[in-house]
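Biologist: Before we discuss the whole chain, I would like a close look at a single part of this model. Please take one strand, follow its pairing, and then set it beside the other elements that can be described.

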Amino acid sequence: MALLEIKLSGVTADRAIRRLGFSGHFHCDAIGFSGGIWVLWNTEEVSADVLFSHHQLVHTKICWVKENREEFMTFIYASSQRQERIQLWKILSSLFDQSMRNAAWGIAGDFNTYLYEYEKLGGNGINWNSMREFRDCLDECSLSDIGNQGPTFTWQRINLQERLDRVCAIYNWNLVFPNRVALFGSDHRPVLLWEGQPAIYPRGERPFHFLASWLTKRTFHEVVNGCWSNNVNWMHAMETFRINASEWHRNVYRIGMKI
């Protein structure tokens, strides 16, 4: 279990952790009003090593004792300040070395920014720079959002709603833990990584996945060209592609496969 934005530190933090009843723990204290991350586990079930810590993240190597499965998990509490988040993206990129390319690596927490234009509703305009920097970091680390069940937005204030909390992973993490599902509540409620039966997504909420077999179809190339033929920003083009490709898959590709 990871707890974020914890204001306790020192002896007070140690006392609170003991009361929670976990036999293993690590805590990274907040700096002023920023950060504060606790990672807690039961040693009879999990062997956990903290490989790197920073006031915005705790990077761990976890071995599930009974199942003999290993993964890397990085727990994130990103700063609300853009320059601090840029530092976080650089740290994440530095963690993704050659050894991590073939490992099972997931990152989870509050990233204090959104990935897509539709993940913000209300308030001022879209923060394109912050969104681009976050996306560039995930691309560089071969990370992608695993999808979720729950509300579209995870944080709200008056007339502003945003999705700030998420779980991302590289391809091998999904192979080792194929049935993990992220269950979200709204307004920074806990994110639960549930490993059970494969997720059943309501219609229209299934995460987008690119299929390599699409490239063999001539009409798919027309879909791609149509999304980028107009002079639009690349984020808008990506969202248009997601929608158009999903419709093409449903109305053209799947029907052609049945013939």
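**Strand β7 and its surroundings**

Modeller: I will begin with a single pair of residues, keeping in mind that this is a predicted model: D110 has D165, in strand β12, as its bridge partner. That pair belongs to a longer contact between the two strands, since β7 and β12 (residues 165–169) run antiparallel and are joined by five bridges. Strand β7 also pairs with β6 (residues 69–77), in this case in the parallel sense and over six bridges, and within β7 it is A108 that stands opposite F75. As for its surroundings, β7 covers residues 105–110 and is mostly covered, with six of its six residues buried.

A separate sheet can be set beside this one strand. It is an open sheet of three strands in the order β1-β3-β2, and its pairing is antiparallel. Because β1 (2–4) and β2 (24–28) stand at the edges and each has a single partner strand, one side of each is left without a neighbour in the sheet. From one strand to the next, the twist averages 10 degrees. The pairing of β2 with β3 (residues 37–41) consists of five antiparallel bridges, and here F26 stands opposite V39 of β3. Helix α1 (residues 10–20) lies across β1, β2 and β3, and its direction makes an angle of about 30 degrees with β3.

A helix later in the chain shows how burial can be divided between two sides. In α5 (residues 218–228), the buried residues include F220, V223 and C227, and because these cover an arc of only 50 degrees around the axis, they are placed on the same side of α5. The spacing fits a general rule: an α-helix has 3.6 residues a turn, so residues three or four places apart point the same way. On the other side of α5, by contrast, R218 and N225 are exposed.

Finally, the chain as a whole gives these details their setting. Its secondary structure comes to six helices and 14 strands, and of its 259 residues, 39% are buried. Among the contacts with a separation of 6 or more, 55% are between residues 24 or more positions apart. The chain exposes about 14800 Å², of which carbon and sulfur atoms supply 52%.

Conventions
Residues numbered from 1 in each chain as written. Predicted model: local features only at pLDDT ≥ 70, side-chain atom pairs only at ≥ 80, totals over all residues. Heavy atoms only, no water. Buried < 20%, exposed > 50% of the residue type's maximum accessible area, 1.4 Å probe, protein only. Helix = DSSP H or I, 4+ residues; strand = E, 2+ residues; numbered from the N terminus. Pairing = 2+ DSSP bridges. Axes fitted to C-alpha atoms, helices over the stretch in contact; angles between N-to-C directions. Contact = heavy atoms within 4.5 Å. Arc of directions from axis to C-beta. Areas by Shrake-Rupley, 256 points an atom, 1.4 Å probe, with all protein chains shown as cover.
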